[in-house]
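Thanks for coming, everyone. Please bring the structure up on your screens. I'll start with one term, then walk through it.

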Amino acid sequence: MTDFLADLSRLPFEGPDSENPLAFRWYDADRVVLGRRMEDHLRFAVCYWHGFCWPGSDVFGGGTFDRPWFVERDPLAASLAKMDAAFSLFRVLGVPYFCFHDRDVAPEGATWRETEALLDRVGEALEARMRETGVRLLWGTANLFSHPRYAQGAATSPDPEVFACAASQVRRALELTHHLGGENYVLWGGREGYESLLNTDLRREAEQLARFLHLVVEHKHRIGFTGTLLIEPKPFEPTKHQYDRDCATVHAFLARHGLLGEFRVNIEVNHATLAGLSFHHEVAYAIANDIFGSIDANRGDPQNGWDTDQFPNSTEEMTLALYEILRAGGMGSGGFNFDARLRRTSVDPHDLVHAHLGGMDTIARSLLNAADLLERGELSRFVESRYAGWSGELGRRILAGEASLAELGELCRDADLAPRCPSARQEMLENLVARRIR
Ligand code: XUL
Ligand code: CO
């Protein structure tokens with residue numbers, strides 16, 4: 001077995017003043033923050049997909065990455081070589097978790113039986129490597145978007161046989177995730193959406209999707225998988241309109257179809273921004289509605305509207321999200337996975353290390369900022385005092401349903417109410433946050 005990153009040992013933590021490009025400046029796995037180790041707060045996971053499966057192609061040109069597993073002719077041997085390379089990166093970064101799509105880790109065979117046998121074979125190899133290294137599985141998922149059969153949707157396909165294929169793939173991917181002790185299972189609706197309303201029955205497709213999700217829930221309980229089911233919202237790309245548009249849309253869908261309590265969300269930073277929302281908004285919304293699950297960390301580019309999937313580098317964006325997460329008690333079974341890819345011009349394997357290192361340091365630094373904000377308590381005290389009226393007699397009676405519209409009308413008239421809210425102090429609060437962001 002060749003070591004993909006044989007020339008690198010585990011990256012050291014050297015602190016903020018280090019000039020070593022191959023050392024962490026902020027991520028110090030054992031440092032205790034608010035009573036918990038950094039590693040246990042952040043639960044970093046490397047994704048197979050962008051790092052090891054994407055060859056560096058774009059619509060104008062082919063792959064640019066020279067990786068041994070792309071040229072290996074035997075598909076199983078290629079998968080195993082890819083796995084070795086992935087575990088080399090996990091070793092160098094010292095990450096506790098990884099995550100994958102079924103087709104990231106194992107190839108398709110000529111028949112379903114063959115494909116399943118290949119997945120089982122790679123699953124055994126993964127299990128052995130996990131046992132040997134202690135690296136755990138944050139989530140597994142099924143790729144229901146690459147194969148041509150899914151071009152018109154998977155669960156929302158006009159053809160029930162395509163639905164059956166998707167169900168079969170999810171069944172196996174969920175079982176493998178369970179077998180490997182995965183802590184979550186992700187469903188990203190890659191092609192669950194439409195290109196044109198002229199050929200689409202929206203009501204029917206929503207019912208198909210709901211049925212699919214119910215089947216996943218039933219199977220989860222049947223096999224005893226205790227991890228969290230996650231839906232990953234995205235507004236468009238590859239389809240023009242995707243049904244899991246954003247957290248609020250997913251939440252409404254779950255409520256309408258009796259699925260609340262069974263699914264949470266895997267929030268991807270740049271999916272939020274593509275939806276015209278902020279990442280902060282999506283995290284806060286999910287927490288406020290009890291569907292927060294996990295984070296898919298990356299960033300877009302403000303200069304274009306593409307899903308550029310770059311590694312995170314904004315401490316401001318991450319600090320605000322982490323502030324919400326810490327305030328809500330932490331990541332739970334979720335973590336920070338990197339759904340991010342190199343630029344196709346970053347052709348050296350070391351670039352994978354620099355990219356993840358930078359993302360991990362950005363998030364670790366943001367954790368410290370967020371913990372500082374939380375410990376000082378200025379923001380939460382301000383928000384609490386802003387709503388203080390609701391703890392008084394009138395507020396309490398309104399919320400308890402003890403005051404009718406007519407009664408409130410009379411109160412206004414009789415007391416000649418003329419309330420004036422004190423300043424919301426947005427600029428002062430923005431300054432306060434800016435002071436904490438390092
Ligand atoms: C694609 C995307 C996926 C999901 C998992 O935009 O985000 O990689 O994270 O299927
Ligand atoms: Co993602």
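Helices and strands here are DSSP runs, of at least four residues for a helix and at least two for a strand, numbered from the N terminus. With that in hand, look at D416: it sits in the loop between α16, residues 405-415, and α17, residues 426-436. Keep in mind that this is a predicted model.

Stay with that loop for a moment. D416 is not a glycine, yet its phi is positive, about 50 degrees. D416 is also exposed, at 61% relative accessible area. R425 is placed in the loop between α16 and α17 too. Its phi is near 55 degrees, again a positive value in a residue other than glycine. R425 is partly exposed, with a relative accessible area of 43%.

Now the metal. Which residues coordinate the cobalt ion, ligand 2? They are E232, E268, D296 and D339. The glutamates give OE atoms and the aspartates OD atoms, at 1.9 to 2.1 Å. What is the geometry of the site? It is octahedral, with 6 donor atoms and angles of 78 to 176 degrees among them. For reference, ideal angles for six octahedral donors are 90 or 180 degrees.

Along the sequence, the donor residues follow the spacing E-x35-E-x27-D-x42-D. E232 lies in strand β8, residues 228-232, and D296 in strand β11, residues 292-297, so this pair ties together parts that are 64 residues apart in sequence. Are these two buried or exposed? E232 is buried, at 4% relative accessible area. D296 is buried as well, at 0%.

Next, ligand 1. The residues around it are W49, H101, W188, E232, K234, E268, H271, D296, D307 and D339. You will recognise E232, E268, D296 and D339 from the cobalt ion. Three contacts to pick out. A polar side-chain atom of E232 is 2.7 Å from an oxygen atom of ligand 1. For E268, a side-chain N or O atom is 2.8 Å from an oxygen atom of this ligand. For D339, the corresponding distance is 2.5 Å. How much of ligand 1 does the protein bury? Taken alone, the ligand exposes 290 Å², and the protein buries 97% of that.

Back to strand β11, where S294 lies. S294 is buried, at 0% relative accessibility. Its side chain reaches the backbone nitrogen of G335 at 2.9 Å.

After β11 comes a loop that leads to α12, residues 315-327, and Q310 lies in that loop. Q310 is buried, with a relative accessible area of 13%. Its side chain makes a polar contact with the side chain of T308, at 3.0 Å.

One peptide bond to flag. E237 and P238 are joined by a cis bond, with omega about 15 degrees. P238 is placed in the loop between β8 and β9, residues 241-242.

Last, the cysteines. How many disulfides are there? The count is 0. Why does C53 not form one? Its closest cysteine sulfur, in C47, is 9.9 Å away, too far for a bond. The cut-off is 2.5 Å between the sulfur atoms. C421 fails too, because its closest cysteine sulfur, in C412, is 13 Å away. C421 is exposed, at 76% relative accessible area.

That's the tour. Questions, please.

How values were computed: Residues numbered from 1 in each chain as written. Chains lettered and ligands numbered in written order. Predicted model: local features only at pLDDT ≥ 70, side-chain atom pairs only at ≥ 80, totals over all residues. Heavy atoms only, no water. Donors = N, O, S within 2.8 Å, 3.2 Å for Na, K, Ca; no water. Tetrahedral: all angles 85-135°; square planar, octahedral: opposite > 155°, others 65-115°. Buried < 20%, exposed > 50% of the residue type's maximum accessible area, 1.4 Å probe, protein only. Near = heavy atom within 4 Å. Polar contact = N/O pair within 3.5 Å; in protein donor to acceptor, adjacent residues only side chain to side chain. Areas by Shrake-Rupley, 256 points an atom, 1.4 Å probe, with all protein chains shown as cover.
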